[in-house]
Amino acid sequence: MYLQRRFYYLMAVVIACMASGYAVAPMFLVGRVLLLLLLLAVVADVVMLWHRRGLSVTRQMSVRFSNGDDNPVSIRLESNYEFPLTIEVLDEIPFVFQRRDLCFKVSIRKRGEATVNYCLRPTERGIYGFGLVRVFVSTPLRLVQRRYSCGKPQDVKVYPSYLMLRQYELLAMSNNLKEIGIKRIRRIGHNTDFEQIKDYIVGDDYRTINWRATARRHQLMVNVYQEERSQQVFSVIDKGRMMQQTFHGMTLLDYAINASLVLSYVAINRQDKAGLVSFSNKFETFVPASRQPGQMQTIQEALYAEQTQFDETDFSALLAGLAMHSTRRSLLILYTSFTSMPALRRQLSFLRQLAMRHRLLVVFFEDEELKEFIMQKSSNSTEHLYQRIIAEKFAYEQRLIVRTLRQYGIQSLLTTPKNLSVDVINKYLEIKSR
């Protein structure tokens, strides 16, 4: 039982009346009467709250959370009391969120229901533990509170952003992918997979005319080509120390993991085979490329299990591992982080060898905070001038890295963590169209 503020306010009035009885004698009697009434009201309040267990509470949420997204949680309250209630709900969320604002106040009519909704945004993969739901119930008298400890502790696994997959799927079904930046890529040239021969109709490319079939049928016939399928697409994730830099609470590694999950989904829906590779100072995870029905679940479980590494990245281990596990020419989407030209030069020879064996796309990250700092208006202080020059030097080196990679025939993509998934998908569609 917890006494509420109204009880203390009324008790203060009683004490004031009894204290004033030293000056005015009848006030002491008035104070005693008020004290008796207050005690009777408290007893009545206690009886009303404790004569039955009149409240049931259930927490409703997904069995797994999506990393980097808002995950809804709802608490359903059902009252069996014969009078209205004033309720305070305190949910024991995982301590990692460090939130102190999840105390909700609701009112319920007699034998009524109510639902409390809120969202949690995790920024790390792993297992998150929820505690009990603490509910404090008051009658219309509001003198005492009864505490209910409802539910039971439960764990929730935080997976890579599967909510993003649903968003892409729904937008694709409604042909609204342009809303999130997915471009319609014009096909360049002709695809090489022959599909069928059909009659010529106005608008067909005359370069696809099949003259032998035309001679046999005595009418124009054209070849029909389909988009190349069953190509291997590997998401290659660098787990070295440079990928531990954080933006908006999430590491570059987690951004890369979320983008890899979405890209694998798009590749499989494009009839390609999606696979996964991760490495740091050694070759670690390898999921063979496939488009079988369970492949997305396999990739998701592998991405969930990826652990943070703070070792120096070894691209020679990646080269040796891919030579052993993947002999077929594939499209490699390499997520890494290069901050300077010396860092690139140390790995350039390995990247060139990868590009000779596979189609390589190097994806690295643009520093959003650095970009915003450069766009700010300059002040007259010498310190700010030096800071701006250094920031522009870093930005120039990133652009120089892109040009250097292109000189060696390696495609590259410099993007911000926020736009990573959309930019990677657009680049994949562009490469596939060629």
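Colleague: Is Lys105 buried or exposed?

Modeller: Lys105 is exposed, with a relative accessible area of 66%. Bear in mind that this is a predicted model.

Colleague: Which element holds Lys105?

Modeller: Strand E6, which covers residues 103-108.

Colleague: And which residues form the positive surface patch?

Modeller: Arg5, Arg6, Lys105 and Arg142. Lys105 qualifies on exposure because patch residues need over 30% relative accessible area, and Lys105 has 66%.

Colleague: Switching to helices. How many residues of H6 are buried?

Modeller: 7 of its 10. Helix H6 runs over residues 295-304 and is mostly covered.

Colleague: Which ones are they?

Modeller: Gln295, Met296, Ile299, Gln300, Ala302, Leu303 and Tyr304.

Colleague: What does Ser264 touch, leaving aside neighbours within four places in sequence?

Modeller: Ser264 is in contact with Ser235, Ala274, Met296 and Ile299. Met296 and Ile299 are among the buried residues of H6. Ser264 itself sits in helix H5.

Colleague: Why does Ser264 count as buried?

Modeller: Its relative accessibility is 3%. Buried means under 20%, so Ser264 falls in that class.

Colleague: Where does the chain go after H6? I'm after the place of Asp311.

Modeller: Asp311 is in the loop between H6 and helix H7, and H7 spans 315-325.

Colleague: How accessible is Asp311, buried or exposed or partly exposed?

Modeller: Partly exposed, at 31% relative accessibility.

Colleague: What does Asp311 touch, not counting residues up to four places away in sequence?

Modeller: Gly240, Arg241, Ser280 and Asn281. Take Ser280. Asp311 and Ser280 are 31 residues apart in sequence, with 6.5 Å between their C-alpha atoms.

Colleague: Now Leu40 and Asn71. How far apart are they in space?

Modeller: 46 Å, C-alpha to C-alpha. In sequence, Leu40 and Asn71 are 31 residues apart. Asp311 and Ser280 also have a sequence separation of 31 residues.

Colleague: Where is Leu40?

Modeller: In helix H2, residues 25-50. Leu40 is exposed, with a relative accessible area of 52%. The exposed class starts over 50%, so Leu40 belongs there.

Colleague: Back to the loops. Where does Ser326 lie?

Modeller: In the loop between H7 and strand E19, and E19 is 331-335. Ser326 counts as buried at 7% relative accessibility.

Colleague: What does Ser326 touch, not counting residues up to four places away?

Modeller: Gln232, Phe234 and His358.

Colleague: Backbone next. What is phi of His248?

Modeller: Near 55°. That is a positive value in a residue other than glycine.

Colleague: Which loop is His248 in?

Modeller: The loop between strand E15 (246-247) and strand E16 (250-251). His248 is exposed, with a relative accessible area of 61%.

Colleague: What about phi of Gln271?

Modeller: About 65°, so positive although Gln271 is not a glycine. Gln271 is partly exposed, at 29% relative accessible area.

Colleague: Where is Gln271 found?

Modeller: In the loop between helix H5 (252-269) and strand E17 (273-279). Helix H5 also holds Ser264.

Note on methods
Residues numbered from 1 in each chain as written. Predicted model: local features only at pLDDT ≥ 70, side-chain atom pairs only at ≥ 80, totals over all residues. Heavy atoms only, no water. Patch = residues over 30% accessible without salt bridge, like charges linked within 9 Å, V, L, I, M, F, W, Y side chains within 5 Å. Areas by Shrake-Rupley, 256 points an atom, 1.4 Å probe, with all protein chains shown as cover. Salt bridge = Lys/Arg side-chain N within 4 Å of Asp/Glu carboxyl O. Lys, Arg positive; Asp, Glu negative; His and termini not counted. Charge placed at Lys NZ, Arg CZ, Asp CG, Glu CD. Helix = DSSP H or I, 4+ residues; strand = E, 2+ residues; numbered from the N terminus. Buried < 20%, exposed > 50% of the residue type's maximum accessible area, 1.4 Å probe, protein only. Contact = heavy atoms within 4.5 Å.
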